[in-house]
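Reader: I want to know how terms are earned in a structure like this one. Please show it to me first.

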Amino acid sequence: MASALLRAAYAYDRLRAYPPEVAGRIATAIGHAVAARGEEPVLLELGVGTGRIALPLIARGYRYLALDCDPAMLEVFQKKAAGVMRKVRLLLADAREIPLPGESVHGVIAVHLWHLLPDWPRALAEALRVLKPSGVLLEGWERVEAEPECRLQERWRELVAEEGVLVERGLQGRRVAEVEEALRRLGLRPRTREVVVWREERTPREALEALAYRLYSFTKGVPEEAHARAMERLWAWAEAELGDLDRPFLVEKRFFLRSTRLS
Ligand code: SAM
């Protein structure tokens, strides 16, 4: 495994983890939304990453199909899940071509995935294909409010723009709305609810690391040299503007879950 990919996967795990009580609330909301009518529910997560959504559900005994196209993310996931893997199957695969028969799972989970896929309708069609007729599609996303982090991201955008690269903003919110429209066009009735609001401490150094490791989708399309030069200037700017990079600030986060039952 290329160590750069693994480093990024470990950084994702460290910097984007949920506090345990938040992870528990999300797992409870997902568990309530999945009704298997007497059968043992089988859940499939598309883009499982390092398992921050999956692991609390696996610990509660759900049969889980963990799909991701990045072997480094799956490797970290597998290490974290060691000991509770008995009912887990790893699928190194593309969400746009799910290697499962039709109508085979009770729930499909997709958290922070659609905006990474320019051709998301293919993945959505696949998700609906593998769901049982009474199955449920569960999409999740976060909204984050943190002034210093926004400033750093804005400055990063400006520096990248000076390198001649324009970075699109607000893609996740637009994609969430596009997927909802697509579901409604199919005659389905998606329902969204805010599951949990919480506050976390974060340091400017962690926010800079998250940018450096490209843990946010908006950083993905920027060429490596442009990103590296922008990051070098951003670290210097942050030290001058913010002073102590290890002084924490508060971040408010909200997790939303949209459930769409097929029948
Ligand atoms: N759902 C996890 C979570 O919320 O922590 C991970 C979210 S992470 C932002 C997105 C994940 O989707 C990454 O692990 C990435 O490798 C995976 N991914 C991106 N495109 C994919 C695709 N076409 N097929 C399968 N997985 C994909």
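Author: A residue is near a molecule if one of its heavy atoms lies within 4 Å of it. Around the ligand there are 21 residues, and Tyr12, Gly47, Arg52, Asp68 and Ala95 come nearest. This is a predicted model: local features need pLDDT of at least 70, side-chain atom pairs count only at pLDDT 80 or more, and totals for chains, interfaces and linings use all residues. Residues are numbered from 1 along each chain as its sequence is written, and side-chain values use heavy atoms, without hydrogens and water.

Reader: What makes the pair between the ligand and the side chain of Tyr12 a polar contact?

Author: A polar contact with the ligand is a pair of N or O atoms within 3.5 Å. An oxygen atom of the ligand is 2.9 Å from an N or O atom in the Tyr12 side chain. So this pair qualifies. A ligand nitrogen is also 2.7 Å from a polar backbone atom of Gly47. Another such distance, 3.0 Å, joins a ligand nitrogen to a polar backbone atom of Val111.

Reader: How much of the ligand does the protein bury?

Author: The protein buries 91% of the 600 Å² that the ligand exposes taken alone. Accessible areas come from the Shrake-Rupley method with a 1.4 Å probe.

Reader: How do you know that Ile53 is in contact with Tyr18?

Author: Contact means heavy atoms within 4.5 Å. Leaving aside neighbours within four places in sequence, Ile53 is in contact with residues including Tyr18, Ile26, Tyr64 and Phe255. So Ile53 and Tyr18 have heavy atoms within 4.5 Å.

Conventions. Polar contact = N/O pair within 3.5 Å; in protein donor to acceptor, adjacent residues only side chain to side chain.
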